[in-house]
Amino acid sequence: MKIRFGFVSNATCLWEASPAKTVTFKRYNMLGPDEGMAKLLSVTRQNIENTLRVLQYNTAHQIEIYRMSSSIVPLATHPEIEWDFVDPFEKEWKQLGDWVSAHKMRVSFHPNQFTLFTSPKPGITQNAVKDMEFHYKMLDAMGIADSSFINIHVGGAYGDKESAIVRVHDNLKLLPRHVKARMTFENDDKTYTASETLSVCKKEGIPLVFDYHHHLANLSNEPLNELLTEVISTWSQAGVVPKIHISSPKSAGEFRSHADYIDLAFIMPLFKVLRELGQDVDFMIEAKMKDRAMLQLIEDISKVRGVKRVSGGAIEC
C-alpha cells in the first residue's frame, strides 16, 4: 500500500506566497472601472505567480498532491463584473499546467460551501453552476481539465433531507456534462453522512472524497472497512487512486474544528483499515498549519512499525 500526502492552497514555509490575495467589490467600485480592472489584473497575476511558487516548493519536497486556491481570481463570478481572466494570462496559466504535468502532480479545487445543488432556490443553483464552470475554466486554461477534479459537498437539507436529495439529482442536470465529469462529492460533518453521500455518488457516477474527520463527527451506520470498500469502488473509472481528507479535532469541545496539526492516534484506525484493504490512497491534509502539518504527519507515520518513507511526500507499508 502506498500513501501520498498533500496540502491545501498556501505553503506556510514560503514568505509572502499567498495564492489568494483579493480585491473586494467595494474596493473595485471605489477605484472605478479602469483602475479597478488594473487592480484585478495585478492581484490575479500575483496569485498565479504565488501558485507557481507553491508548485515549485512541492516539487522540491517531492509532494505530488496539492489543492489550489479557489481565490486565485478575485471577483471572477461577480454578476456585475464577470471579467475575462483567461486571455490576459494565457501564458501564465499554461505555465502552471505544464509544471503540474511535467511533475505528475495531482491537483484539485474545492469551491466554498455555497456551491451546492440541494437548494430549492433556482438562483443558488445557477450560481453553483457558474462557480463550477469558473473552476473548470481555470483547469482548462492550464490544460489539465481532463486530469483534475473539483470537489464540493452535497449541501443543506433545508428541513427535508429526502426532498433535498431529489433536488440534487434534478439540479445536477443543469451542470454541463464536461464539468460534471470532473466533480467529486465529499461527506460533511453535520448533514450528509458518508453513506448518504455515497448513495448520491453511485447514482450519478461521481467519485466520493472521504473525509475521515467529518465521518467521525457525522457517523454512518456501516463498519469503516465496509464503508471504505464502497467508497473505493466509486473511483474505479476515475483513473486515479481514491482521495481522503485528513484532519483532527481542535479539542473535545470543538470536535468539528480543525487542529493546527494532525494527531496520529486520531487517524490510526483509518490507517489500519486501509492497510488491511491494501488500498493505495492520497491523503489531503486539512490541518490549519497546512504544509507544516503535512510534513510533520509524514515524519510521525514513518515511525510506525512496517512503514517505509519512499519519498519526501509518500510512504509504503
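**Inside the model: spaces, strands and helices**

The largest cavity of this predicted model holds about 100 Å³ of space. A cavity is a set of points on a 1 Å grid over the protein atoms alone where a 1.4 Å probe fits but cannot get out. Its volume is the space filled by probe spheres set on the points, which are joined across faces, edges and corners. Counting cavities of 30 Å³ or more, the structure holds one.

In this predicted model, local features need pLDDT of at least 70 and side-chain atom pairs pLDDT 80 or more, while totals for chains, interfaces and linings use all residues. Residues are numbered from 1 along each chain as its sequence is written, and side-chain values use heavy atoms, without hydrogens and water.

The lining of the largest cavity consists of 14 residues (each with an atom within 4 Å of a point), and Ser-108, Phe-149, Asn-151, Val-209 and Lys-243 lie nearest the centre. Strands β3 (106-109), β4 (149-153) and β7 (243-246) each contribute at least two residues to this lining (strands are DSSP E runs of at least two residues, helices H or I runs of at least four, numbered from the N terminus). The most comes from β3, which gives four residues. By class, six of the lining residues are nonpolar, five polar and three charged (Ala, Val, Leu, Ile, Met, Phe, Trp, Tyr, Cys and Pro count as nonpolar, Asp, Glu, Lys and Arg as charged, the others as polar).

Two of the residues nearest the cavity centre, Phe-149 and Asn-151, also touch Thr-184. Thr-184 sits in strand β5 (residues 183-186) and is buried, with a relative accessible area of 1% (buried means under 20% with a 1.4 Å probe, protein chains only). Beyond the neighbours within four places in sequence, the contacts of Thr-184 also include Ile-150, Ile-152, Ile-206, Pro-207, Val-209 and Trp-235 (contact means heavy atoms within 4.5 Å).

The next spaces are pockets (open sets of grid points with protein on both sides within 12 Å along at least five of seven lines). The largest pocket contains about 750 Å³ of space. Its lining has 28 residues, with His-110, Asn-112, Gln-113, His-153 and His-214 closest to the centre. Of the lining residues, 13 are polar, nine charged and six nonpolar. The second largest pocket has a volume of about 470 Å³. It is lined by 19 residues, and Thr-77, Asn-112, Thr-115, Asp-131 and Phe-134 are the closest to its centre. Here nine residues are nonpolar, eight polar and two charged.

Asp-131 and Phe-134 are among the buried residues of helix α4, as are Thr-125, Ala-128, Val-129, Met-132, His-135, Tyr-136, Met-138, Leu-139 and Met-142. The buried residues of α4 pack against α3 (90-102), α5 (161-171) and α6 (177-180), and against strands β3, β4 and β5. Just after α4 comes Gly-143, with a positive phi near 80 degrees.

Met-138 and Met-142 of α4 are also touched by Trp-93, together with Ile-48, Ile-72, Val-73, Phe-85, Val-86 and Ala-141, leaving out residues up to four places away in sequence. Trp-93 is one of the residues with the most contacts inside the largest nonpolar core, which has 90 residues; the others named are Phe-5, Phe-185, Phe-210, Phe-283 and Ile-285 (such a core is a set of buried Ala, Val, Leu, Ile, Met, Phe, Trp, Tyr and Cys residues joined through side-chain atoms within 4.5 Å).

A polar residue can be buried too: Asn-50 has a relative accessible area of 5%. Asn-50 belongs to helix α2 (residues 33-60). Apart from neighbours within four places in sequence, Asn-50 is in contact with Glu-16, Ala-17, Ser-18, Pro-19 and Lys-21.

Definitions and conventions
Buried < 20%, exposed > 50% of the residue type's maximum accessible area, 1.4 Å probe, protein only.
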